Amino acid sequence: MTPKERYVRILEILSVARSITVEELSHQLDASPETIRRDLNALAADRKIRKFHGGAELLPSSIEGAFQERMLENADGKRAIARCAAALFKPGDALFIDTGTTTTCFAEALAGVGGLSAITNSTLIAKIMSRAAARNSVYLLGGEYHDDPSETLGSLTVRQIASFHAQHVVLTVGGIDATTGVMDYSVGEAEVARAMLEQGAQLTVLADASKLGKTALFEVCPLSRIHTLVVDQQPEATLAQQLKKHGVRVLVAQ
């Protein structure tokens, strides 16, 4: 296992356990304690984790709050992003839409367009998009159900995504950084997002101000994969320069 592969596994383990000892990681990853300590030093330097004597834990900033609580955070900004993004799509378009607070607002704004085909792992987004008056075709992906964000995740979900092809992929993010690109806090949600990107053509990312210039635990895609980024404020200079370098269209919602 390469160092990068171990970093991902350590973060996956911590996303569930929240804290763990060097000895436990050494056993789970079949690596020496010295190797694990070096891995933890690298992750701590990258501000992914916090070390303590004999182990490590996730930083509080690496753990997202409950879904309903996050729906209330910067609600005006998310609704503005949703309205701006919804205007990019027209009847006949097919879209993958992942689970998130901003994509839920997006579904509300998009539902009235009509004539769309939406593929999603969010039961809430499926319900919004399938309102009778909207005349949309909605495909809800199955898999392991997680109640708080009302979503399905896991290998079953990923396999079902492979049955679809769509012109568009619309993702919300845990963070978007000038160096790493698009990231998420959940390994399961990152896997679903990557699977959607494999089956979709044009990527639109929705990110409110709290996500800009921030990192999260798991990589989703580089900046170069993004076609359009919809935000509620201008990205800071370093991120803006990299977005321009990679030809990303940036729309600032009003």
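T204 lies in strand β12. This threonine is buried, with a relative accessible area of 2%. The model is predicted. Its protein chain has 10 helices and 15 strands. The points below start with the whole chain, then return to β12 and move on to selected helices and loops.

**Whole chain**

- The radius of gyration of the protein chain is 19 Å, which agrees with the value near 18 Å for a compact globule of 254 residues.
- Along the principal axes, the C-alpha atoms fill a box of roughly 60 × 40 × 30 Å.
- Of the 254 residues in the chain, 50% are buried.
- Look at the contacts in the protein chain with a separation of 6 or more: residues 24 or more positions apart account for 59% of them.
- The chain exposes about 11900 Å², and carbon and sulfur atoms supply 50% of that area.
- There are 26 positive and 29 negative charges, and their mean positions are 6 Å apart.

**Strand β12: T204 and Q202**

- Strand β12 spans residues 200-207. T204 and Q202 both belong to this strand.
- T204 counts as buried because its relative accessible area of 2% is under the 20% cut-off.
- Beyond its neighbours within four places in sequence, T204 is in contact with L88 and F89, with V169, V170 and L171, and with T228 and V230.
- Q202 is partly exposed, at 28% relative accessibility. That figure falls between the 20% and 50% limits, so Q202 is neither buried nor exposed.
- Residues up to four places away aside, Q202 touches Q167, H168, V169 and H227.
- V169 appears in the contacts of T204 and also in those of Q202.
- Q202 also sits 8.6 Å from A166, C-alpha to C-alpha. The two residues are 36 residues apart in sequence.

**Loop after β12: D208**

- D208 lies in the loop between β12 and β13, the latter being residues 218-221.
- D208 is a loop residue, yet it is buried, with a relative accessible area of 2%.
- The side chain of D208 makes a polar contact with the side chain of S210, at 2.7 Å.
- K78 is 130 residues away from D208 along the chain, but their C-alpha atoms are separated by 6.2 Å.

**Helix α6: T103**

- T103 lies in helix α6, which covers residues 101-110.
- T103 is buried, with a relative accessible area of 0%.
- A polar atom of the T103 side chain lies 2.9 Å from the backbone oxygen of D98.
- The T103 side chain also reaches the backbone nitrogen of G100, at 3.0 Å.
- Outside its neighbours within four places in sequence, T103 is in contact with I97, D98, I125, V170, L171, T172 and L206.
- V170 and L171 are among the contacts of T103, and they are also among those of T204.

**Helix α3 and the loop before it: L43 and D30**

- Helix α3 covers residues 33-45, and L43 lies in this helix.
- L43 counts as buried, at 5% relative accessibility.
- Neighbours within four places aside, L43 is in contact with Y7, I10, L11, K48 and I49.
- L11 is 32 residues from L43 along the chain, and their C-alpha atoms are separated by 8.9 Å.
- D30 lies in the loop between α2 (22-29) and α3.
- D30 is exposed, because its relative accessible area of 73% is over the 50% cut-off.
- Phi of D30 is near 55 degrees, a positive value in a residue other than glycine.

**Helix α10: both ends**

- Helix α10 covers residues 237-245, and E236 caps its N-terminal end.
- In this cap, a side-chain oxygen of E236 lies 2.9 Å from the backbone nitrogen of T238.
- G247 follows α10, and its phi is positive, near 70 degrees.

**Two aspartates in loops**

- Which is buried and which is exposed, D208 or D30? D208 is buried, at 2% relative accessible area, whereas D30 is exposed, at 73%.

Conventions:
Residues numbered from 1 in each chain as written. Predicted model: local features only at pLDDT ≥ 70, side-chain atom pairs only at ≥ 80, totals over all residues. Heavy atoms only, no water. Helix = DSSP H or I, 4+ residues; strand = E, 2+ residues; numbered from the N terminus. Rg over C-alpha atoms; globule rule 2.2 N^0.38 Å. Buried < 20%, exposed > 50% of the residue type's maximum accessible area, 1.4 Å probe, protein only. Contact = heavy atoms within 4.5 Å. Areas by Shrake-Rupley, 256 points an atom, 1.4 Å probe, with all protein chains shown as cover. Lys, Arg positive; Asp, Glu negative; His and termini not counted. Charge placed at Lys NZ, Arg CZ, Asp CG, Glu CD. Polar contact = N/O pair within 3.5 Å; in protein donor to acceptor, adjacent residues only side chain to side chain.
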